[in-house]
Amino acid sequence: VKKIAVLTSGGDAPGMNAALRAVVRTANYYNIECYGVREGYNGLIHDEFLKMGARSVKNIINQGGTILKSARSMEFKTKEGRQKAYDNCVKHGVDALVCIGGDGTFTGAKIFNEEFGIKVLGVPGTIDNDIFGTDNTIGYDTALNTAMEAIDKIRDTATSHNRVFFVEVMGRDAGFIALNSGLATGALDILIPEKKDSIDELFANFRSAEKTGKASSIVVVAEGEKLANVYELAEKTKKEFPDYDIRVAILGHMQRGGSPSCADRVLASRLGYGAVTGLMEGQTNVMAGMRSNDVVYTPIEEAIKKHNEINQDLLLISEILAI
Ligand code: ATP
């Protein structure tokens with residue numbers, strides 16, 4: 001590879017900047033020219049290529065969000081849009097693309113590769129941790145810690161007022177943030193899409209907690225929980241336990257922001273480096289991920305189709321320790 005372009009796409013995640021920095025500086029080290037593309041696939045289509053050198057990425061390893069900006073590009077989902085994107089890659093002499101994002105971003109990259117033959121390599125940047133082929137995605141650790149700190153604060157008020165809190169954390173289809181932040185904050189119950197939850201089980205947990213003298217409780221609920229949303233859960237619980245003082249808190253986008261944790265910066269640096277060296281070694285249509293502390297390359301097709309399983313031990317431990 002002689003010239004690469006790098007973009008951030010889909011939902012932003014803390015550590016995307018650290019990954020971008022690693023891509024640009026690794027390319028620089030190996031004398032590969034590097035362009036940053038603004039606003040995800042939109043920038044490819046609308047010719048927003050910025051030439052980047054080592055100094056273009058100074059002071060960003062500690063910044064949340066993405067300096068390249070991210071976008072959800074509807075145009076890239078069309079053949080005409082992708083044709084324009086390819087024409088611009090040819091115009092700039094770009095022969096490989098590093099795409100930092102989630103499974104939607106990887107789907108786009110795979111289609112682009114298969115249509116035009118341009119080399120693509122994915123880097124998993126999403127707080128949901130729902131990508132197969134990596135133990136953790138970039139941004140997940142930071143989001144988890146943000147959720148944990150917020151729930152700790154909610155617990156202070158729950159304890160002071162003998163309240164029950166339903167706290168919704170992010171995770172549209174995955175319960176990783178909910179399970180781990182719930183375990184780390186001693187939640188009474190954790191409701192996630194991967195587990196078949198029932199309202200009776202939740203009520204049973206409230207009853208047994210009462211018996212042990214527990215006066216306040218936190219229930220952590222993943223955004224994508226199928227049983228009910230936090231408001232419905234609060235309403236149903238109030239009907240069953242009219243004496244409970246119940247509140248709802250939705251943590252929302254605060255979980256996506258903030259300075260990346262040390263773990264995310266290191267992960268992003270290693271995967272950004274692994275993206276460029278992988279392309280140099282001839283890897284394409286793959287995602288660079290971290291497994292057992294080693295960089296591994298997984299075909300994008302597999303990364304999209306398969307899912308990381310929830311750790312059943314964590315579920316069991318959280319139940320045993322909650323009472
Ligand atoms: P997150 O997990 O944080 O939502 P994501 O990468 O999954 O991140 P998406 O919005 O699903 O976010 O995808 C990002 C972009 O990838 C889309 O806006 C679109 O430009 C491109 N993309 C997604 N699916 C396709 C597809 N089937 N064909 C072409 N491009 C696609």
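**Reading helix H6, its sheet and helix H1**

User: Which helices and strands do the buried residues of H6 pack against?

Analyst: The buried residues of H6 pack against two kinds of element: helices H5 (140-161) and H11 (312-322), and strands E6 (163-169), E7 (189-191) and E8 (217-222). Helices (H or I, at least four residues) and strands (E, at least two) are DSSP runs, numbered from the N terminus. Two residues are in contact if their C-beta atoms, placed from the backbone, lie within 7 Å. This is a predicted model: local features need pLDDT of at least 70, side-chain atom pairs count only at pLDDT 80 or more, and totals for chains, interfaces and linings use all residues. Residues are numbered from 1 along each chain as its sequence is written.

User: Why is H6 largely enclosed by the rest of the structure?

Analyst: Start with the cut-offs: a residue is buried if 20 or more other C-beta atoms lie within 10 Å of its own, exposed if 12 or fewer, and partly exposed in between, with C-beta atoms placed from the backbone. Helix H6 spans residues 176-185, and eight of its ten residues are buried, so the rest of the structure largely encloses it. Among the buried ones are Phe176, Ile177, Leu179 and Leu183. Just after H6 comes Gly186, with a positive phi near 70°.

User: How do I read the sheet, and in what order do its strands come?

Analyst: Strands of a sheet pair through backbone hydrogen bonds, either parallel or antiparallel. Two strands count as paired if DSSP finds at least two bridges between them. Here four strands make an open sheet in the order E7-E8-E6-E9, with parallel pairing. E7 and strand E9 (245-250) are the edge strands, each pairing on one side only. From one strand to the next, the twist averages 15°. Inside the sheet, E6 and E8 pair in the parallel sense over six bridges. To find one of them, look at Phe166, whose bridge partner in E8 is Val219.

User: At what angle does H6 run to E8?

Analyst: Axes are lines fitted to C-alpha atoms, for helices over the stretch in contact, and angles run from 0 to 180 degrees between N-to-C directions. H6 lies across E6, E7 and E8, and runs at about 165° to E8.

User: Let's move to helix H1. Is Ala22 buried or exposed, and what is Ala22 in contact with?

Analyst: Ala22 sits in helix H1 (residues 16-29). Ala22 is buried because 25 other C-beta atoms lie within 10 Å. Leaving aside neighbours within four places in sequence, Ala22 is in contact with Ala268, Ser269, Gly272 and Tyr273. Take Gly272: 250 residues separate it from Ala22 in sequence, yet their C-alpha atoms are 4.8 Å apart in space.

User: What about Val23 and Arg25: which residues do they touch?

Analyst: Val23 is found in H1 too, and is buried, with 31 other C-beta atoms within 10 Å. Leaving aside neighbours within four places in sequence, its contacts include Val6, Cys34, Val98 and Gly272. Arg25 is also in H1 and counts as buried, with 20 C-beta neighbours inside 10 Å. Not counting residues up to four places away in sequence, Arg25 touches Ala54 and Val57.
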